[in-house]
Amino acid sequence: MELKELRKEIDTVDEALTALFLRRMALSREIGRIKAERGLPLRVPEREKELLARRREQAGELADYAEALYDTLLSLSRRYQEDTWNTD
């Protein structure tokens, strides 16, 4: 495959990733709302640890990269929840 074709395919993947990111953040926002209403903590370390373990397993030889990606996603999700539902 030529460089131009590969870049076009990456653009397609990036569009899909952005759509999925927006959906994930919308779901995260809703989870943050529920947690705020119920007085639950935003961060649940056990849940994050389980999620990271599943994604590492799924990613195989790219496990370290997948973990870095999901560390970032989790951090962004928490920040979005805090920005949206912080009543201070």
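This short talk walks through helices H2 and H3 of the structure above, and then through a few single residues in H1 and H3. Please keep in mind throughout that what we are looking at is a predicted model.

Let me begin with helix H2, which covers residues 45–59. How far apart are its end C-alpha atoms, and does that distance agree or disagree with what 15 residues should span? At 1.5 Å a residue, the 15 residues of H2 should span 21 Å, and because the end C-alpha atoms are in fact 21 Å apart, the two values agree. Just after this helix comes Gly-60, whose phi is positive, at about 60 degrees.

Now, which residues of H2 are buried? They are Glu-48, Leu-51 and Leu-52. If you look down the axis of H2, these buried residues fall within an arc of 100 degrees, and so they line one face of the helix. On the face that is turned away from this buried side you will find the exposed residues Glu-46, Lys-49 and Glu-57. As for what the buried residues of H2 pack against, the partners are helix H1, residues 3–38, and helix H3.

That brings me to helix H3, which runs over residues 63–85. We can repeat the same length check here: the 23 residues of H3 should span 33 Å at 1.5 Å a residue, and the end C-alpha atoms are 32 Å apart, which agrees. The buried residues of H3 are Ala-63, Ala-66, Leu-73, Leu-74, Ser-77, Arg-78 and Gln-81, and what covers them includes H1 and H2.

How do H2 and H3 lie with respect to one another? Their axes come within 8 Å and cross at roughly 145 degrees, and the crossing is right-handed. From the H2 side, the residues that take part are Glu-48, Leu-51, Leu-52, Arg-55, Arg-56 and Ala-59, and they meet Ala-63, Asp-64, Ala-66, Glu-67, Tyr-70, Asp-71, Leu-74 and Arg-78 on the H3 side. When the residues of this contact are divided by type, seven are nonpolar, none are polar and seven are charged.

One of the charged residues on the H3 side is Arg-78, and I would like to stay with it for a moment. Is Arg-78 buried or exposed? Its relative accessible area is 17%, and because buried means under 20%, Arg-78 counts as buried. Leaving aside neighbours within four places in sequence, Arg-78 is in contact with Leu-42, Arg-43 and Glu-48, and Glu-48, as we saw, is itself one of the buried residues of H2.

Turning to helix H1, we find Ser-28 there, a buried residue with a relative accessible area of 5%. If we do not count residues up to four places away in sequence, Ser-28 touches Ser-77 and Gln-81, both of which are among the buried residues of H3.

Finally, let me mention two residues of H3 that are not buried. Ala-68, which is found in H3, counts as partly exposed at 42% relative accessibility, and its C-alpha atom is 23 Å from that of Glu-9, a residue 59 places away in sequence. Glu-82, also in H3, is partly exposed as well, with a relative accessible area of 41%; the C-alpha atoms of Glu-82 and Leu-3, 79 residues apart along the chain, are separated by 41 Å.

Terms used. Residues are numbered from 1 along each chain as its sequence is written. This is a predicted model: local features need pLDDT of at least 70, side-chain atom pairs count only at pLDDT 80 or more; totals for chains, interfaces and linings use all residues. Side-chain values use heavy atoms; hydrogens and water are left out. Helices (H or I, at least four residues) and strands (E, at least two) are DSSP runs, numbered from the N terminus. Buried means under 20% relative accessible area, exposed over 50%, partly exposed in between (1.4 Å probe, protein chains only). Contact means heavy atoms within 4.5 Å. Axes are lines fitted to C-alpha atoms, for helices over the stretch in contact, and angles run from 0 to 180 degrees between N-to-C directions. A crossing is left-handed if the near helix is turned anticlockwise from the far one by less than a right angle, and right-handed if clockwise. Ala, Val, Leu, Ile, Met, Phe, Trp, Tyr, Cys and Pro count as nonpolar, Asp, Glu, Lys and Arg as charged, and the others, Gly among them, as polar. The expected span of a helix is 1.5 Å times one less than its number of residues. The arc is that of the directions from the helix axis to the C-beta atoms.
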